[in-house]
Amino acid sequence: MEIYIVVLDAIIQKDTGLNSGMKYISIDTDVTEDLSEEEKKVLLNYFKKYSAEVKNLSFEGLKNEGLFDEETFSLEGILLAVKDIKKKTDKEAIIEASKYRSGLGAIAIEYTLEYINGKWEIKQEKMLWIS
């Protein structure tokens, strides 16, 4: 779980203009299949520190809840997601994450992490795309 917190906390701090006035943070936990329901709750609770409601919804879930504006292609909050786990061992991980606010406000970053002194640390990040 810690690895997902590190990655999603890092991406939420990138392009902070996307966070402006956000009413919620939705975290798509679909890719985090290795997490138990209890671990997912801890993950979601961690992000309450940003003073916004935290949801566990994918992009489709947000659309189904009426939280996606079809005219502006935007959200009143942000959607964080782990998009791909390219490598994950006990000592190293390569994970792609994204942050979406609108069709013209989204980013994706690939993070390389190492497990050092009992915690996961980001060693490298590579911007994959920005809109």
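This is a short talk on the fold of one chain, its run of paired strands, and one residue in that run.

The model is predicted. Please keep that in mind for everything that follows.

I will start with the whole chain. It holds three helices and seven strands. In sequence order the elements run α-β-α-β-α-β-β-β-β-β, so helices and strands alternate before the pattern ends in strands. Now the overall dimensions. For 131 residues, a compact globule would have a radius of gyration near 14 Å, and the chain agrees, with 14 Å. The C-alpha trace spans about 45 × 30 × 25 Å along its principal axes.

Next, burial and surface. Of the 131 residues, 46% count as buried. The exposed area is about 7,200 Å², and 47% of that area comes from carbon and sulfur atoms. As for charge, there are 18 positive and 25 negative side chains. The centres of those two sets lie 4 Å apart.

One figure on contacts. Take the contacts between residues at least 6 apart in sequence: 57% of them join residues at least 24 apart.

Now to the strands, beginning with β4, which covers residues 74-88. Strand β4 pairs with β5 in the antiparallel sense, over nine bridges. The connection between β4 and β5 is a hairpin through three residues. One of the bridges links I85 to I95, with I95 on the β5 side.

Strand β5 itself takes in residues 92-102. How many of its 11 residues are buried? The count is nine, and the strand is mostly covered.

On to the pairing of β5 with β6, where β6 is residues 105-116. This pairing is again antiparallel, over 10 bridges. Two residues sit between β5 and β6 in the hairpin they form. Among the bridges, I94 is matched with T112 of β6, and A97 is matched with I109 of β6. Strand β6 is mostly covered as well, with nine of its 12 residues buried.

The last strand is β7, residues 119-130. Strands β6 and β7 pair in the antiparallel sense over 10 bridges. They too form a hairpin with two residues between them. In that turn, N117 has a positive phi of about 50°. I109 has a bridge partner in β7, namely M127. I109 therefore appears in two of the bridges I have named, one with A97 and one with M127.

I will finish with one residue, E96, which lies in strand β5. Is E96 buried or exposed? E96 counts as buried because its relative accessibility is 16%, and the cut-off for buried is under 20%.

What is E96 in contact with, leaving aside its neighbours within four places in sequence? The list is A81, V82, K83, D84, K86, I109, E110 and L128. K83 and K86 are in that list, and so are D84 and E110. I109, which E96 contacts, is also the bridge partner of A97 in β6.

That is the end of the talk.

Notes
Residues numbered from 1 in each chain as written. Predicted model: local features only at pLDDT ≥ 70, side-chain atom pairs only at ≥ 80, totals over all residues. Heavy atoms only, no water. Helix = DSSP H or I, 4+ residues; strand = E, 2+ residues; numbered from the N terminus. Rg over C-alpha atoms; globule rule 2.2 N^0.38 Å. Buried < 20%, exposed > 50% of the residue type's maximum accessible area, 1.4 Å probe, protein only. Contact = heavy atoms within 4.5 Å. Areas by Shrake-Rupley, 256 points an atom, 1.4 Å probe, with all protein chains shown as cover. Lys, Arg positive; Asp, Glu negative; His and termini not counted. Charge placed at Lys NZ, Arg CZ, Asp CG, Glu CD. Pairing = 2+ DSSP bridges.
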